[in-house]
Amino acid sequence: MGSLLFFLPHRGNKVIRWYTLCICIIELLLITYAFSYHFQLDDPLIQLTEDYKWIDFFNFSWRLGIDGISIGPILLTGFITTLATLAARPVTRECRLFHFLMLAMYSGQIGPFSSQDLLLFFIMWELELIPVYLLLSMWGGKKRLYSATKFFLYTAGSSAFLLIGILGVCLSGSNEPTLNFETLANQSYPVALEILFYIGFFIAFAVKSPIIPLHTWLPDTHGEAHYSTCMLLAGILLKMGAYGLVRINMELLPHAHSIFSPCLIIVGTIQIIYAASTSPGQRNLKKRIAYSSVSHMGFIIIGLGSISDTGLNGAILQIISHGFIGAALFFLAGTSYDRIRLVYLDEMGGMAITIPKIFTTFSILSMASLALPGMSGFVAELIVFWGILTSQKFLLMTKTLITFVMAIGIILTPIYSLSMLRQMFYGYRLFNAPNSYFVDSGPRELFLSICIFLPIIAIGIYPDFVFSLSVDKVEALLSNYFYP
């Protein structure tokens, strides 16, 4: 459908924008319809399957399906992509190509969440690489080529580990070679070989998540990308890495995951503290938000390492919650830049008086980011905490120490969030400057902010909706592979 953009009449950008938005809305409605009427919440098995032979030579199939772990990220992808398309309306240069690349990213991001074939998973994983590179290098900031090249090298390098891992898993099973997820989940490997596969997949997903020290592409990419691209990166792209850790590292390689789970806990805890400590030192607004994303992804890693029902459900809830919050903050950072044309926080100040609507929405969503009770971030992080404390895998002293260090990270979060608000909106710098009148949020921007804010509040008040998607699948996964 996206390729039809190049055949639309040249009558300005309005037709292109509306066409792209209509495709996204139709896709979102179809996803919602399939979820509402055809998805069984209490069934942990793969549902809504498609299975067609593609290449007979090595038994490669177009095999799709969803379960309780993948339905949440798929709904999130449809929702965030639709809003990101609406957010991209100010883009006028090469508008046709820009919207085509947005739709190509849409396909590349839905694909990994629904693939039930490892090679198809890899193809879909790679599909979003070129669109992101072009969106960065053509519509980014001053250092866009450096950021795009860095993103490409990191992602392409990690993909080599992913492909090697896929070929190894496919060829090393006890039965005949296969790429089918369900078949591979029931295969066993020698422990040393399983550990090697686990490390390969972990490196691939650690770059995309990102997990320190493989995170350095993220602040540069977010700092230079257009804010509609940032919404897709923060809202969906990072979640692909976390999803891969659940779907492949946990489900296909459970013995190695049990061995490495203490390492995951340690890395996740260090990541929360490190990123929360680094964020206040960032002058660039979007880089500060990017480091906050790295910090919040640490909770997902800890949830996966806990190997408990509560911890894994908390990690999946954090994937959904941070998808909304991260996308919202980057959107508001972009709308602020559209007005003041400043990216450095120490050059801002006094904006609350001139743009009160943006100030209000930015303040509310910053509170969501620092896990204010009643919002989704609080519930997700609390449940990850509880998952660690109730985990059967760790001693009480270890669990207490991990929880204490995580709590320090939560204390650091308000420091950089409130500091960001103070530098942007308080004081008199821009208020006293000549030509300091700025246009406040319009109806489109308010609509977008409210659309993202409503799910954050809804999940914060009633998180059972998200748990109802994943709880049966998580229970089945843990009982089959970890606590038989």
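I'll start with I74, which is buried at a relative accessible area of 6%. The cut-off for buried is under 20%, so I74 falls inside that class. Keep in mind that this is a predicted model, and that the values I quote are computed from it.

Where does I74 sit? It is found in helix α2, residues 68–87. Which residues does I74 touch, if we set aside its neighbours within four places in sequence? The contacts are I31, I66, I110, F113 and S114. Take I31 from that list. I74 and I31 are 43 residues apart in sequence, and their C-alpha atoms are 7.9 Å apart in space.

Another contact of I74, I66, takes us to the strands. I66 is in strand β2, where it is the bridge partner of Q47. The strands β1, residues 47–55, and β2 are paired in the antiparallel sense, over six bridges. Is β2 enclosed or open? Six of the seven residues of β2, which covers 60–66, are buried, so the strand is largely enclosed by the rest of the structure. As a general point, side chains in a regular strand alternate between the two faces of the sheet.

Next, helix α15, residues 356–369. It has 14 residues, and from first C-alpha to last it reaches 20 Å, close to the 20 Å expected at 1.5 Å a residue. Its buried residues are I358, F359, T361, F362, S363, L365, S366, A368 and S369. What do these buried residues pack against? The partners are α12 (285–305), α13 (309–340), α14 (351–354), α16 (376–389), α17 (396–425) and α18 (443–461). Just after α15 comes A371, with a positive phi of about 65°.

Two of the buried residues of α15, S366 and S369, come back in my last topic, the cavities. How many cavities of 30 Å³ or more turn up in a search of the whole structure? There are three. The largest has a volume of about 40 Å³. Its lining consists of R288, I289, S292, L329, S366, S369, Y416, S417 and M420. Helices α12, α15 and α17 each contribute at least two residues to that lining. By class, the lining has four nonpolar residues, four polar and one charged.

To recap: I74 is buried in contact with residues including I31 and I66, β2 pairs with β1, and α15 packs against helices including α12 and α17, which along with α15 help line the largest cavity. That's what I have.

Key: Residues are numbered from 1 along each chain as its sequence is written. This is a predicted model: local features need pLDDT of at least 70, side-chain atom pairs count only at pLDDT 80 or more; totals for chains, interfaces and linings use all residues. Side-chain values use heavy atoms; hydrogens and water are left out. Helices (H or I, at least four residues) and strands (E, at least two) are DSSP runs, numbered from the N terminus. The expected span of a helix is 1.5 Å times one less than its number of residues. Buried means under 20% relative accessible area, exposed over 50%, partly exposed in between (1.4 Å probe, protein chains only). Contact means heavy atoms within 4.5 Å. Two strands pair if DSSP finds at least two bridges between them. On a 1 Å grid over the protein atoms alone, a cavity is a set of points where a 1.4 Å probe fits but cannot get out, and a pocket is an open set with protein on both sides within 12 Å along at least five of seven lines; lining residues have an atom within 4 Å of a point. Grid points are joined across faces, edges and corners, and a volume is the space filled by probe spheres set on the points. Ala, Val, Leu, Ile, Met, Phe, Trp, Tyr, Cys and Pro count as nonpolar, Asp, Glu, Lys and Arg as charged, and the others, Gly among them, as polar.
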